Amino acid sequence: MDGDFVIGGVFSLHNKLLTVTNNYTTKPEPLRCTGRLVRRKMHCSRTMILALEEINNSTELLPGIKLGYQIYDSCASAPVAAHIAFQLSNGHDPVFYKDSDCSQSGVMMAVVGETNSSPSISMSRIIGSFHIPQVSHSASCACLSDKKQFPTFFRTIPSDQFQADALAKLVKHFGWTWIGAVRSDSDYGNNGMASFLAAAQKEGICVEYSESIIWTNPLSKIRRVANVIRRSTARVVVAFVASGDMSVLLEELALDPPPPRQWVGSDGWMTDLLSFSFCEGTIGITIQQSVIQGLRDSLLDLSPTEVAASSVLTEFWEDVFNCTLTKSADTDKRVCNGSEDIKKLNHSYTEASQFRASTMVYKAVYAIAHAIHNALCQRTNFTTQCDKNIRLDSKQVLSELKTVNFSQNGYTVSFDANGDPVAFYDLVNWQKSESGAIELVTVGYYDASLLKGQEFRITRNITWMDGTRQVPVSVCSKSCSPGTRKVLRKGKPICCYDCIPCPEGEISNKTDSTDCLSCPTEFWPNLERDTCLPKPVEFLSFNEVLSVILATFSVFGACLAIITGIIFFHHRTTPIVRANNSELSFLLLFSLTLCFLCSLTFIGAPSEWSCMLRHTAFGIIFVLCISCVLGKTVVVLMAFKATLPGSNVMKWFGPPQQRMTVVFLTFIQVLICTVWLILSPPFPMKNLTTYKEKIILECALGSAVGFWAVLGYIGLLAVFCFVLAVLARKLPDNFNEAKLITFSMLIFCAVWITFIPAYVSSPGKFTVAVEIFAILASSFGLILCIFAPKCFIIIFQPEKNSKKHLMNKI
């Protein structure tokens, strides 16, 4: 259609280029399209005509100016698109005029199209040299955003960069980290998949395989790609594929029982509703759908006369009604009789899902019209006036197109610095209707203009593969639960890993943790190793069975010593008591009582005072005890020395000297303990090294030298006492207790010699238990060996407790 200014339209009305083998003997024929008419692309051409009719009839937009159009079929071929680009730039007139002679009538102001990315690239490189703006409705390759290469290219469909980001977020949203990828072997597929893989990597998604396909591939190549899909472990396949390529692939997959796969589609094929039942549940993104007033009526308003005047409409009419408008000898179709009514036809031609691309065409036409309007028209006195005599060239339209910003039918049209619109996609799902047919259902959206993290929304229930509501699982490895960490498998992507428990003392408190964290010093992991709990505090508590047993023996020993003292006091005038140095015996029994009770200070939670008391009291009381035993032994020896002629030894070791000896020996221990307490006393501490999983409350020695000095002094006195007792062991038994002291000292030394390695090697609270055991064992040894035989005679053999009996024995 002619007009004051002409807009070009380039659509892939057919999907094949007729291939001819040239023999170089005749002039090659013009390029021709073949194959079936693509009805969706026919919608686009009809929408462009509708939009131009609306503009030409408008009193607000370009009043008084008529826009014409030239619409071409590129048959999805880059060579044809390049040929059309030259025609749009040069016109059909074979004669070249000077600039002054050129008429504006028929000058190409801008071009709508092309449909696919590869032909659009070819066109843009040519018409861009003449500053002719190109506004594509469907070419989404991200490469076309490069203004250095394509300075005159605009589009109303979002760039595939946004689509790739949206698909990556979609896949991530449903937890699919192990996917397969299939792409068209074209600029659309290769560039789109490259953008998607980059976005998927940022989201932590791994790709098991990435295959390319195009409908012209040999059958062997298509079969190979289908077999890769069948053998794969990934249950989700992302297909960045054109409709024709996808149809060929699905046909191959349908030959054998198709594998259960969840398909995720790009806008290149999602609205085509390919008739394969195993594709139910397919989910993907498409360009936004909006309503164009009057489009459906325009599509249905076809009369036989109008159809006969257009070769494209004629082909369409004959295809949908399976008749011919012109009788031909080489066809078996019936002749159309004029009763055919497109309005009564239930056909995909009128489906709303096919109008998405048409909306983009509608926006493109109006964007160009607004650019021309801004260049030609001015608004004065509430009226708009346009001067069609102004010499307008495409460069001016290009400049105005960059700043276009208007609203039409409830949507806004504008372009950014790269010539791209604001990205908005519908999230669509192939669901089976009640009639059993697959229908396209919008279940969400992706809006790139929203804040990060809010762009993606699901608004309706989704049907998945096999018609279920259960989200498929597609992971290389199952998620690692808290308490474990991921270890990558050698030679595999990062999504393939093994889950191993955290090492001892470490936790992981979130799913799919790559590292385990050490617990703080006083904390330890629970059994699941997913949280740190305070370490249990351990000490020899009065509530434990071991403590009860030791405390029972301690109290029993103290009671035994007290009872023995009572017996001895009651029979203090008897020979056996008087003959065994009763004063030292009572002092020994008193010290033994304190020894037994001293062990109780070792039970319970250590405190600053209990730590100092338990060690110093133990050391001083034991020295007092050994000093008494030593005094008794020396008395025995001195007594027999005193019987020798001329000996007056006993006057040098009478009761006062015995008392002074005990006090002096005990004072030395008191002095050692005092120095120990002043310089570096024992103190309570938390032992975190013996056991990793619990805290031992114990008394630190403060100064190890002080502790071993106390023990060493006790040991020195015990050995000295033992030696003296051995020397006196053959003296008359009934008169002295040398043998009994020998046995008691033997037990005492044996206990404390074995105590040293047991004390050093016992862990935790058992160290304290060993110490208490040593105290009790040595105390019982002393009281049983020294006092038990005497008590037995006093109580059960009183006849032996006489001076006569003792003197007879001697």
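Guide: A nonpolar core is a set of buried Ala, Val, Leu, Ile, Met, Phe, Trp, Tyr and Cys residues joined through side-chain atoms within 4.5 Å. Buried means under 20% relative accessible area, exposed over 50%, and partly exposed in between, with a 1.4 Å probe and protein chains only. The model is predicted, so local features need pLDDT of at least 70 and side-chain atom pairs count only at pLDDT 80 or more, while totals for chains, interfaces and linings use all residues. Residues are numbered from 1 along each chain as its sequence is written, and side-chain values use heavy atoms, with hydrogens and water left out.

Visitor: Which residues touch the most other members of the largest nonpolar core?
Guide: This core holds 70 residues. Ranked by how many other members they touch, the top residues are Phe618, Phe748 and Trp752.

Visitor: Which helix gives the most to this core?
Guide: Helices and strands are DSSP runs numbered from the N terminus (H or I, at least four residues, for helices; E, at least two, for strands). Those supplying at least two residues each include helix H13 (545–570), helix H16 (608–642), helix H19 (738–761) and helix H20 (765–796). The top contribution is 15 residues, and it comes from H20.

Visitor: With which residues is Phe618 in contact, leaving aside neighbours within four places in sequence?
Guide: Contact means heavy atoms within 4.5 Å. Phe618 is among the core residues that touch the most other members. Its contacts beyond four places are Cys598, Phe602, Leu613, Leu711, Ile714, Trp752 and Ile775.

Visitor: How many residues are in the other core?
Guide: That core lies apart from the largest one. Its members include Ile55, Ile292, Val307 and Phe321. Its residue count is 61.

Visitor: What is the volume of the largest cavity?
Guide: On a 1 Å grid over the protein atoms alone, a cavity is a set of points where a 1.4 Å probe fits but cannot get out, and lining residues have an atom within 4 Å of a point. Points are joined across faces, edges and corners, and a volume is the space filled by probe spheres set on the points. One cavity of 30 Å³ or more is counted. The volume of the largest is about 50 Å³.

Visitor: Which elements give two or more residues to the lining of the largest cavity?
Guide: The lining consists of Phe539, Leu540, Phe602, Gly604, Pro606, Arg614, Leu697, Glu698, Lys765 and Val768. The elements that supply two or more of the lining residues are strand S30 (695–700) and H20.

Visitor: How many salt bridges are there?
Guide: Side chains of opposite charge can pair when their charged atoms come close. A salt bridge is a side-chain nitrogen of Lys or Arg within 4 Å of a carboxyl oxygen of Asp or Glu. By this rule the count is 14.

Visitor: How many residues apart are Arg155 and Asp420?
Guide: Their side chains form a salt bridge, 2.7 Å from N to O. Arg155 is buried because its relative accessibility is 0%, and Asp420 is buried because its relative accessible area is 3%. Arg155 is in strand S7 (residues 153–155) and Asp420 in the loop between strand S18 (411–414) and strand S19 (424–432), so the pair links distant parts of the chain by the element assignment. The separation in sequence is 265 residues.

Visitor: Is Arg224 buried, exposed or partly exposed, and which is it?
Guide: Arg224 meets Glu211 in a salt bridge of 2.7 Å, N to O. Glu211 has a relative accessible area of 13% and therefore is buried. For Arg224 the relative accessible area is 38%, which means that the residue is partly exposed.

Visitor: How far apart in space are Lys388 and Asp4, C-alpha to C-alpha?
Guide: Lys388 is in the loop between strand S16 (383–386) and helix H12 (394–401). Lys388 and Asp4 are 384 residues apart in sequence. In space, C-alpha to C-alpha, they are separated by 7.3 Å.

Visitor: What is omega of the cis peptide bond that joins Gly113 and Glu114?
Guide: Most residues other than glycine have a negative phi, and most peptide bonds are trans. Glu114 is in the loop between strand S5 (108–112) and helix H3 (117–127). For the cis bond that joins Gly113 to Glu114, omega is about -5°.

Visitor: What is phi of His131?
Guide: His131 is in the loop between H3 and strand S6 (134–136). Its relative accessibility is 34%, so His131 counts as partly exposed. Although His131 is not a glycine, its phi is positive, at about 60°.

Methods:
1 Å grid on protein atoms, 1.4 Å probe; cavity = no way out; pocket = protein on both sides within 12 Å on 5 of 7 lines; lining within 4 Å.
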